[in-house]
Protein chains: 2
Amino acid sequence: MPHRHRHARASIHDIAQSAGVSPATVSRAFNAPELVSEATRALVHHAAQRLHYRPNASARTLRTQRSHVLGVVLPTLTNPVFAECLEGIAQSAAAAGYAIMPHTTDYHVASEQACVASLQAAGVDGLVLVVSDASRSPALEQVRRERRPYVLAYNQHPAHPCVSVEGEKAMATLVEHLVGLGHRRIAMVCGQLHASDRAQQRHAGFLASMKAAGLDPLPLIEVPFVATAIEDIERNLSGPQRPTALVCSNDLIAIRAIRAAHQRGLSVPRDISITGFDGIGLGLELTPALSTIVQPNAEIGRRSVELLRDALVRATLPDSGSSLLLPYRFNAGESCGLAR
Amino acid sequence: MPHRHRHARASIHDIAQSAGVSPATVSRAFNAPELVSEATRALVHHAAQRLHYRPNASARTLRTQRSHVLGVVLPTLTNPVFAECLEGIAQSAAAAGYAIMPHTTDYHVASEQACVASLQAAGVDGLVLVVSDASRSPALEQVRRERRPYVLAYNQHPAHPCVSVEGEKAMATLVEHLVGLGHRRIAMVCGQLHASDRAQQRHAGFLASMKAAGLDPLPLIEVPFVATAIEDIERNLSGPQRPTALVCSNDLIAIRAIRAAHQRGLSVPRDISITGFDGIGLGLELTPALSTIVQPNAEIGRRSVELLRDALVRATLPDSGSSLLLPYRFNAGESCGLAR
DNA sequence: CTGAAAGCGCTAACAC
DNA sequence: GTGTTAGCGCTTTCAG
């Protein structure tokens with residue numbers, strides 16, 4: 001078979017031969033140029049360019065035990081929060097010379113663990129994770145079995161290195177805003193509460209600030225399935241004691257709540273106020289613009305990577321002491337109005 | 001230093017020793033079990049389990065010249081279209097035993113090429129790409145320099161293997177819908193037309209079907225920057241000859257157009273009709289729900305991976321002959337109404 | 001400043 | 001069915 005090797009990639013050996021030096025020198029010319037004389041360095045670089053040389057990543061990884069790949073485990077990319085975060089991760093990883101390998105779990109706890117195992121097998125140098133519940137997570141146990149740095153994004157837990165915002169406090173801001181607008185009958189809407197520690201924290205913040213305001217929260221509205229979420233919410237929007245405000249555990253749910261309200265013939269914010277949480281880019285461009293907590297989603301991703309990279313260069317594991325609480329901001333938006 | 005190797009990962013050698021067989025047998029037990037007797041297979045698996053053995057990916061890659069990693073190049077994850085597509089890619093890649101490495105280009109053509117180069121260096125087995133313009137793309141030339149399979153997603157070009165929908169035809173559906181509602185003064189809104197072959201195709205479809213309807217298209221409204229898009233659109237919405245319908249090149253722009261209309265005091269769809277394109281999940285849940293072309297975004301990702309995987313198992317390169325045109329559907333939505 | 005040699009962990013001929 | 005051997009492409013002592 002002719003031309004079998006026509007497109008075979010040049011190896012360090014080929015460069016060495018072509019430049020008339022040893023493979024070791026070629027390696028040095030790239031990885032420790034200061035150890036090589038200017039002349040040979042030029043020789044090597046020319047040969048490399050001529051032959052389109054690219055060092056073979058797996059050979060290097062095998063030898064150095066460093067893959068320069070970071071693993072990422074996220075619930076889904078269908079929620080823009082995580083897509084925005086991943087974009088941040090991708091950016092800062094690329095800037096630091098790392099590639100990323102993302103996996104999505106679709107909120108399945110078992111899948112979280114499988115993703116971690118698969119990434120460990122792939123030999124990633126570190127992990128950024130968004131887990132359902134940091135306090136009891138098989139995935140995190142799996143992570144800790146190996147000596148590899150990891151950082152949690154969005155999760156907030158004293159036993160782990162986390163990059164997050166203060167969800168409980170942020171939620172208080174929303175409730176206070178609504179109370180200030182005269183709302184008294186306020187209900188919270190969330191997905192499956194038990195499936196997300198973030199939702200739980202936001203719920204805790206909701207309860208606490210309702211109490212502080214001397215108000216009784218209306219019964220929690222749980223909408224476990226996307227397909228039926230709008231109807232589920234709608235069902236809670238009738239009767240004389242219907243809520244005048246809905247506090248949603250995230251922006252996606254808020255968007256569905258707005259739709260539910262409209263289907264009930266309620267205008268937002270005139271007849272009912274609705275708040276979100278997350279600050280997805282789209283939410284701010286909607287009409288009405290979402291009243292929500294804007295988290296720095298891309299920044300959460302970027303900072304997670306930075307923590308990892310720091311740990312990697314120092315050959316130390318990040319611990320809960322390196323956790324970061326990033327500032328959020330309240331977007332008044334247009335989906336809240338005076339109670340009537 | 002004691003315990004230096006306490007957490008070192010077990011190698012195939014360790015398993016061999018522990019099971020009392022040769023490394024080759026261990027390898028076979030995993031990769032070609034039928035070549036190994038039941039008894040030794042059990043022996044090996046027990047040893048592997050005991051020592052938490054995970055085959056080292058880079059060693060395997062180095063040896064077999066197959067990384068089982070697919071590279072992905074996308075404009076951004078901030079547009080849900082691509083996030084949904086990446087989710088599809090991630091799913092089917094995982095199902096087929098592949099990991100993925102995504103890179104984002106933020107629509108920069110130079111960055112596209114850099115991403116490809118970096119993925120090639122990383123040794124990916126194949127590439128899924130969404131490029132700005134398939135007809136003149138340095139990234140694609142870079143790809144073709146190496147003998148690795150690649151597939152374009154969303155791009156539609158006769159010289160490349162593509163997974164896409166018929167953008168031009170789909171756009172006609174939208175225009176016909178508007179014309180059927182009595183609209184005569186219709187304008188198209190898009191980002192930078194020259195920066196995207198998809199926008200160009202949609203624009204061509206717009207022009208063609210306007211012509212077919214015997215209508216003169218209003219001047220194209222280009223909104224190059226996200227930050228000023230809403231104002232840019234707003235500026236085109238006054239005067240007696242203002243458009244009664246806006247055809248937007250994608251859903252994100254449609255959302256901004258809706259906002260622009262509202263800021264001008266125009267109600268959608270009563271005073272003005274607006275169409276999108278893409279079918280992002282969110283768009284269908286908005287109020288008003290977007291009138292748009294729904295592309296099977298996750299499916300586009302999945303099928304791209306399938307094409308790649310087929311090529312990989314057959315050791316053949318996919319060519320333009322394997323291109324796939326996936327069905328789209330028209331979502332009437334609520335953002336279009338009768339012209340008035 | 002440069003080269004020789006060993007080996008990272010794995011798989012695939014080839015023997016037996 | 002199983003073992004032996006060689007080598008994928010690279011980096012890193014160790015000599016010189």
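**Note on a predicted protein–DNA model**

1. The mean pLDDT of chain A, where pLDDT is the predictor's confidence in each residue from 0 to 100, is 95, and 98% of the residues of chain A reach 70 or more. This is a predicted model, in which local features need pLDDT of at least 70, side-chain atom pairs count only at pLDDT 80 or more, and totals for chains, interfaces and linings use all residues. Residues are numbered from 1 along each chain as its sequence is written, while chains are lettered from A and ligands numbered from 1 in the order in which they are written.

2. Residues 1-6 of chain A call for care, since their pLDDT stays under 50, and the model gives them zero contacts (C-beta atoms, placed from the backbone, within 7 Å) beyond four places in sequence. Where pLDDT is low, the predicted coordinates should not be read in detail.

3. A turn of 180° with a shift of 0.0 Å along the axis lays chain B on chain A with an RMSD of 0.1 Å, the copies being superposed by least squares on the C-alpha atoms of residues with pLDDT of at least 70 in both. The two copies are thus related as by a two-fold rotation axis.

4. Around DNA strand D there are 24 residues (C-beta atom, placed from the backbone, within 6 Å of the strand), of which I12(A), A24(A), N56(A), A59(A) and A24(B) come nearest.

5. DNA strand C also has 24 residues around it, and I12(B), A24(B), S27(B), N56(B) and A59(B) come nearest.

Conventions:
Contact = placed C-beta atoms within 7 Å.
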